[in-house]
Amino acid sequence: MNIPVLEIENLKTCFDTRDGMVTAVDGVSLKVNKGECLGIVGESGSGKSVTFGSVMGLVKKPGFIAEGSIRFNGRELVGLNGKEYRRLRGKEIAMTMQDALTALNPAYTVSNQIIEVLLAHDDALTGSRRSKKKQARGKAIEMMQLVGIPAAESRLDDYPHQFSGGMRQRIMIAIALSCKPTLLIADEPTTALDVTIQAQVLELIADIQDKLVMSVVLITHDLGVVAEYCDRVMVMYAGQIVESGPTRDVIDNPQHPYTQGLLNSIPRLSDLDRKITPIEGSVPELIGLAEECRFMGRCLKATDACKTLIEMRDNGVDHQVRCINAGMVL
Amino acid sequence: MTDIGSTPDMNKLNTVAGETLFKRNMKLFASSKLSLFFSAMAIGFILMALGAPLFAPHDPNEADLFLRLLPPAWMEGGDWSYVLGTDALGRDVLSRIIYGSRGSIFIGACVILVATTVGVLAGLAAGYLGGWVDVVISRLVDILLGFPYLIFAIALIAMSGPGLQNIIFALAYKEWVIPCRVVRGETLATRDVEYVEAARAMGASKRYIMLKEILPNILSPVMVVSTVRMAHVIILEASLSFLGLGVQPPTASWGSMVADGRSYMLDEWWLSTFPGLAILLLVLSINVVSQGLRDAFDPKFHD
Amino acid sequence: MNLGKFVERLLQLIPVLFGVSTIVFVMMLFTPGDPVDIMLGDQHVTEQMERALRHDMGLDLPPVERFFKFLGNAAKGDFGLSYYHRAPVAEVIASRLPATIELSLVALIIGLTISIPLGVLAAVKKNSMFDRIATVTSLFGISMPGFWFGILLLILFAVNLHWLPVAGRSGFSFEVEPITHLLLVDSLLRGRPDAFWDALKHITLPAITLGLPLASILMRVTRASMLDVLDRDYITFAEAKGLSRMKVIGKHALKNALIPTVTVAALQAGSLLGGSMVVETVFGWPGLGRLVVESIFVRNYPLIQAAVLFYAFTYVMLNFVADILYTVLNPRVKL
């Protein structure tokens, strides 16, 4: 009960490319507790996806985990051999991806893709291979119904391209949840969807999270989604976490200039006269970064003092920021 | 696109200031020792063809019956002035190989040149002008594609008889179809792009647009295809010569040299082996170079 | 698959086939020399007989009419007489066809069975020693002239090592009553293992010569396609599901990766037809290819014409098969 479901400590993941060593994840530390929903916010290139790719052990050459520790229910994952990792994936830790159309294999039916996970991991299936398949098929129908696919039984043998975008995302969720994992990592589950469908999918995830007492990591670039569904949130920028804390706190009282900038650039119905201020500049290259604040080039509060290594520092109850000028509101 | 485990987009990360993508890719190409080696080999062959009289130790047609069927120099009975041995008529194999390169390279280059020119023009017309022009050209392409390559060439040669000009035409008749298809596809893709629209708005004639706006931008796939096809054409020409339908004696041609050597396969293996080896090396170098160019220019080639 | 659409696609072939026939006919028209003169050679016949012969062959008709007569006859399977063989052209071609078909089939099998496993492994072990060797070998495979490779094999295995025969399709005293006309099949069906071995020994070198370049091309296609597939999201997702490596590659990747391989194979099968001409010449294989080459030297035009028409039709059908295969293998693409 006290061990966090997931604990990452000083994770550093690099890619050895022909242009140089890219440090996509630079010293990330975080914790996910049981039953909690953690939101990870950041733009493309912030390292949010690679962080959790590392958790799943899916970082491929030329990428590698250079430093750090990843503990799942207390068990160290870094250096785990392939066989052990495969037992965890799909069963204890599950993942969904952003684009369900490309994530589902176009050559196989949906039933095939759900059943294979069950056959691989579900110990509750008994009997001969044929009978296992039958049981798995039954469970697959249940899962499809759980995620709200109408006429599940008749659509079970359709191909992915025969479903709409929203349905495909649900199918992906069904696949991810079929073995009742402890941790679900949802990578941009709503980015490719219409706004109305987005809400449905997120409600679905929240609902299942309650039912199964599952921990969820919600990776997104959309702060609105985080505000609505996550207990805690972490903001990532250029491979580092720049702010972390309970969602309410971070949204009401953002400390890091980047977070403030993100919130300022969201139009709000309640405040139609307010001007939207975009954040000028762009994300720095991730090669050979100097030891200084990475947001400096775009920050309006930057001073010379920012040219050193900036650590996370406490700023309020359970609220941390990577900024020496935190607390100052411009 | 999810990027949980894949390399961040490196093409943004350019290069030294001022260096274009083309230059960078060329540098990449040159950095591969293999590419450089085979480029040198290909150039070597071309030089050999051009400077044949300078390089060949003997006259390729000079027959000396007393010296017939000499083995290569390093074998027993060999003679270092006839390094690769002599054939049934006492002609120096090495010299014949050197002179033979002229035929192969010349024919290959001619065919590709003719085919590419015709193909590009046809493809541009078909892609840009559309309508009945496209229909006619596409139909023609489909029909010509209905013939296996060698069969078509052989049929044409059966009709017109063998000989240098006839081979070139026989091969070119089918070959133009390939650049035509590529160009047509590319033209269709770029037809409605902004800069073309702009040119049209400024009142440019169709011919102008086709030649000045579209053409320069589709050249690179055409060049890639042409180099690949060159290798093919050289093998085809050699096959035709081997069958006796290509370059006629006494002109030295690698294909016919291999054919002649067949009768002596039992004891004088070198007569067929070396000319064939020459074909292999030339085609190999062309293939390696074209592959290297393709890889260097391919943005997905991260290593 | 929609039958209606299938038939529609089939019908679309007709204009192409028509066009092909037209070209073959036009080629025939422009062939130098008078067919009757060539046919008769030195024989003396009366003017009357000559005229009758011309009329018979339709040579006195205007070109368009001749064309339709040509088509009509072709549809009936009548391609005229091969004076060289003193037999109808159709008969001569039919007698040599099985040898070419058998050779092409075996070459195709060799090509596929070598290329697919190698291509898949090379992609999975990208940039390893295995991959490098495979890539280099395939590069040699596509750069090598077929006739030279065949001769090299002959020199090595037949002349020097005496393991395999030098030429031909079967030795003496290995006659077998034909059923399918494919020696390998027939010898087994008739319970003649000795004939089978003999046929196998004879077909080995030619089939390898024809099949290895094909294998090289297919290996490269498979490798490239596999590499592309391995990069796709659904492979990552399959791994995220915790499936075994075998399942990820053998099930998820393979089915998608093989699509280009199979379609290219169907297309290349057509150039096997062309390549067989060279290979049959090198190995003295009694097939259609060698027949065509011989016919050119004796100016046996009716036979050449018929053969070209046959090859072209087969090639068009093979392309069609390739198209259909593609739609079958790829559930997303409808006919």
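## Strands of chain A: the eight-stranded sheet

In chain A, β11(A) is paired with strand β12 (residues 320-321) through 2 bridges, and the two strands run in the antiparallel sense. Within this pairing, A:Asp314 stands opposite A:Gln320 of β12(A). The model described here is a predicted one.

β11(A) and β12(A) belong to an open sheet of 8 strands in chain A, whose order is β6-β7-β8-β3-β9-β10-β12-β11. The pairing in this sheet is mixed. Its edge strands are β6 (93-96) and β11 (313-314) of chain A, and each of them pairs on one side only.

## Strands of chain A: the four-stranded sheet

Chain A also holds an open sheet of 4 strands, arranged in the order β2-β1-β4-β5 with antiparallel pairing. The edges are formed by β2 and β5 (75-76) of chain A; each has a single partner strand, so one side of each is left without a neighbour in the sheet.

At one of these edges, strand β1 (residues 6-17) and strand β2 (residues 20-32) of chain A pair in the antiparallel sense over 10 bridges. A hairpin of 2 residues links β1(A) to β2(A), and A:Phe15 faces A:Val22 of β2(A) across the pair. At the other edge, strand β4 (residues 63-72) of chain A pairs with β5(A) over 2 bridges, again in the antiparallel sense. Here A:Phe72 has A:Arg75 of β5(A) as its bridge partner.

In general, the side chains of a regular strand alternate between the two faces of the sheet.

## Packing of helices within chain B

In chain B, helix α2 (residues 33-50) packs with α12(B): their axes come within 8 Å and cross at roughly 135 degrees. α2(B) and α12(B) are therefore oblique to each other, and their crossing is left-handed.

On the side of α2(B), the contact involves B:Leu34, B:Ser35, B:Phe38, B:Ser39, B:Met41, B:Ala42 and B:Phe45. These residues meet B:Leu281, B:Leu282, B:Ser285, B:Ile286, B:Val288, B:Val289 and B:Gly292 of α12(B). By class, the contact of α2(B) with α12(B) comprises 10 nonpolar residues, 4 polar residues and no charged ones.

As a general matter, an α-helix has 3.6 residues a turn, so residues three or four places apart point the same way.

## The contact between chains B and C

The contact between these chains takes 37 residues from chain B and 39 residues from chain C. On the side of chain B that touches chain C, the elements giving two or more residues are α5 (131-144), α6 (149-160), α10 (206-243) and α12 (270-296) of chain B. Of these, α12(B) gives the most, with 9 residues. The residues on this side of chain B divide into 26 nonpolar, 8 polar and 3 charged.

How do α12(B) and α6(C) lie with respect to each other, and at what angle do they cross? Their axes come within 9 Å and cross at roughly 125 degrees; the two helices are therefore oblique to each other. The crossing of α12(B) past α6(C) is right-handed. The residues in contact are B:Leu280, B:Val283, B:Leu284, B:Asn287 and B:Val288 of α12(B), together with C:Leu139, C:Phe140, C:Ile142 and C:Ser143 of α6(C). They divide into 7 nonpolar and 2 polar residues, with no charged ones. B:Val288 takes part in this contact and also in the contact of α2(B) with α12(B).

## Helices of chain C

Helix α6 (residues 129-143) of chain C also packs with helix α9 (residues 193-230) of chain C, at an angle of about 130 degrees and with the axes 8 Å apart. α6(C) and α9(C) are therefore oblique to each other, and α6(C) passes α9(C) in a left-handed crossing. From α6(C), the contact uses C:Ala134, C:Ser138, C:Gly141 and C:Ile142. From α9(C), the contact uses C:Leu212, C:Pro213, C:Ala215, C:Ser216, C:Ile217, C:Met219 and C:Arg220. The contact of α6(C) with α9(C) has 7 nonpolar, 3 polar and 1 charged residues. C:Ile142 appears in this contact and in the contact with α12(B).

Helix α4 (residues 63-76) of chain C has 14 residues, and the distance from its first C-alpha to its last is 20 Å, close to the 20 Å expected at 1.5 Å a residue. α4(C) is followed by C:Gly77, whose phi is positive, near 85 degrees.

Methods. Residues are numbered from 1 along each chain as its sequence is written. Chains are lettered from A and ligands numbered from 1 in the order in which they are written. This is a predicted model: local features need pLDDT of at least 70, side-chain atom pairs count only at pLDDT 80 or more; totals for chains, interfaces and linings use all residues. Two residues are in contact if their C-beta atoms, placed from the backbone, lie within 7 Å. Ala, Val, Leu, Ile, Met, Phe, Trp, Tyr, Cys and Pro count as nonpolar, Asp, Glu, Lys and Arg as charged, and the others, Gly among them, as polar. The expected span of a helix is 1.5 Å times one less than its number of residues. Axes are lines fitted to C-alpha atoms, for helices over the stretch in contact, and angles run from 0 to 180 degrees between N-to-C directions. Angles under 35 degrees count as roughly parallel, over 145 as roughly antiparallel, 65 to 115 as roughly perpendicular and the rest as oblique. A crossing is left-handed if the near helix is turned anticlockwise from the far one by less than a right angle, and right-handed if clockwise. Two strands pair if DSSP finds at least two bridges between them.
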